[in-house]
Amino acid sequence: MTDDAIHALREHLAVVSDLGHAGMLLHWDQQTHMPARGAQARGQAGGTLERLAHERIADPVLADLLDAAEAAGEDPGLVRAVREDHAQAARVPAELVGEMAEVAAEAQGAWEAARAASDFAAFAPFLRRHVDLCRRYAACFPEAEHPYDALMQRYEPGATTASVRAAFAQLREGLVPLIAAIAAKPDPGDLTGPFPTADQRTLALEIARTMGYDDAAWRIDEAAHPFMANMGREDVRITTKEEEESTLAIGLFGVLHETGHGLYEAGIDPRWDRTTVGTGTSLGVHESQSRLWENMVGRSRAQWSRWLPRAKELFPVPLDGLEVDEVLRRINAVRPSLIRVDADEATYCLHVLLRFELEVALFEGELEVDDLPAAWNARMEEYLGVTVPSDADGVLQDIHWAHGVFGYFPTYALGTMIAAQLWEAAHVAIPDLDTRIADGDLATLREWLREHVHRHGRTRTGDEILRDVTGGGLDPVPLLRYLNDKYGALYDL
Ligand code: ZN
């Protein structure tokens with residue numbers, strides 16, 4: 001009897017999980033192989049899968065299945081997560097969900113054209129519609145303290161506007177003087193190619209395999225905007241962009257980033273297979289994994305002590321005569337710049353803070369859509385000392401607002417903070433971690449992350465994971481400590 005109740009719930013969730021994998025595969029194919037004119041049919045097919053999954057999560061029968069399975073001893077973390085999904089899906093009318101998807105589909109093309117012409121006014125009507133729809137979405141959760149809380153819940157369960165605002169304010173206070181101190185120092189210059197792309201792939205995959213990339217369960221392809229997609233634990237697909245040969249930004253560091261995302265999904269406990277909790281617990285925690293491997297490991301002295309000799313075999317000309325110290329200074333150069341995705345570790349979070357503040361102001365009614373470009377440009381000047389030459393390089397640079405995903409941006413900075421908290425905790429738990437990384441051992445760190453973060457899937461919240469590992473919640477101090485230590489040494493501050 002009790003096993004039957006758990007079995008019935010799992011059967012219900014298995015269908016949602018399978019629909020999700022099918023949708024993910026459609027998405028992966030669209031970004032890597034699909035001919036351009038397939039977009040319309042693909043959009044329809046993807047929309048159908050999403051609708052079917054949504055109906056099954058909103059289905060009133062799920063509430064009964066959850067009650068029975070809980071009484072029969074189903075895992076409390078699974079019950080909590082699925083109950084929240086059900087409550088959320090049941091609250092939002094299907095027609096609102098459909099309308100949000102429609103506007104997102106229309107706005108994508110409008111955003112592309114507006115960015116190409118640097119014409120914010122052409123995009124503003126779509127943005128106004130998104131803001132209206134998101135207001136209606138937030139109104140489905142009248143108990144939320146702040147309308148923006150309801151929007152963030154979709155990506156970072158448990159995060160509140162008040163807590164994020166406080167953490168970001170503390171972060172900004174620490175970052176602005178650090179960046180100013182670095183700006184007063186000589187620029188270290190760039191690590192410039194040629195880095196032939198095939199050799200970049202060789203180096204990136206050698207490192208990724210050391211991290212845990214498994215050729216029998218992973219693959220790598222090219223995409224215009226690199227991402228990771230997985231269909232369960234044993235079909236993990238990362239993507240990279242074949243760039244010009246002048247930089248290692250995407251071909252090496254981007255691959256480490258996506259491999260970090262993939263290790264999270266691959267490390268989830270098999271007991272959560274074919275449930276809706278067998279995936280990362282939030283976007284912030286997911287981003288903590290990618291940024292930890294890309295930056296904290298990937299740009300560290302320990303890592304380059306191990307890999308510089310191999311890199312010199314592959315790229316003898318550009319790396320000729322360069323020692324680890326010089327390579328580190330160049331791959332960690334700090335330069336306030338216009339574009340978030342190209343930003344260094346010190347300035348990155350300020351790009352995210354700016355977007356968070358503008359989004360909150362929109363939903364508080366303090367800012368109108370038409371005022372966004374001016375507000376954007378003023379903050380870029382204030383936080384980074386950068387003058388924005390055009391809306392294409394400013395307010396129109398990211399695709400997120402075309403998709404209407406307000407509440408998403410903060411997860412990038414939350415993930416960076418969480419990464420530093422985990423990185424600090426890993427060094428306490430594994431005192432010789434840097435020596436191990438310098439010896440080419442990346443498995444010890446991966447297994448520690450699997451034990452404390454990956455295996456839980458969504459059965460633990462990001463907050464529960466942090467409290468288990470660090471004894472406290474979200475905290476910007478470890479990130480500030482990490483950045484001050486790192487750049488203090490590199491720039492002789
Ligand atoms: Zn990422």
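**View 1. The surface of the predicted chain.** About 20,800 Å² of the chain is exposed, with carbon and sulfur atoms supplying 52% of this area (Shrake-Rupley method, 1.4 Å probe; for residues, only the protein chains shown count as cover). The model is a predicted one, in which local features need pLDDT of at least 70 and side-chain atom pairs count only at pLDDT 80 or more, while totals for chains, interfaces and linings use all residues. Residues are numbered from 1 along each chain as its sequence is written, and side-chain values use heavy atoms, leaving out hydrogens and water.

**View 2. The zinc ion and its donors.** Here you can find the zinc ion held by NE2 of H257, NE2 of H261 and OE of E287, at 2.1 to 2.4 Å. Donors are N, O and S atoms within 2.8 Å of the metal (3.2 Å for Na, K and Ca); water is not among the atoms, so sites may look incomplete. Along the sequence, the donor residues follow the spacing H-x3-H-x25-E.

**View 3. The two histidines on helix α10.** H257 and H261 are separated by about one helical turn because they sit 4 residues apart in helix α10, residues 249-266. Helices (H or I, at least four residues) and strands (E, at least two) are DSSP runs, numbered from the N terminus. Both histidines, H257 and H261, are buried, meaning under 20% relative accessible area (1.4 Å probe, protein chains only).

**View 4. The fold around the site.** Stepping back, you will meet 20 helices and 3 strands in the chain. Of its 493 residues, 53% count as buried.

Key:
Buried means under 20% relative accessible area, exposed over 50%, partly exposed in between (1.4 Å probe, protein chains only).
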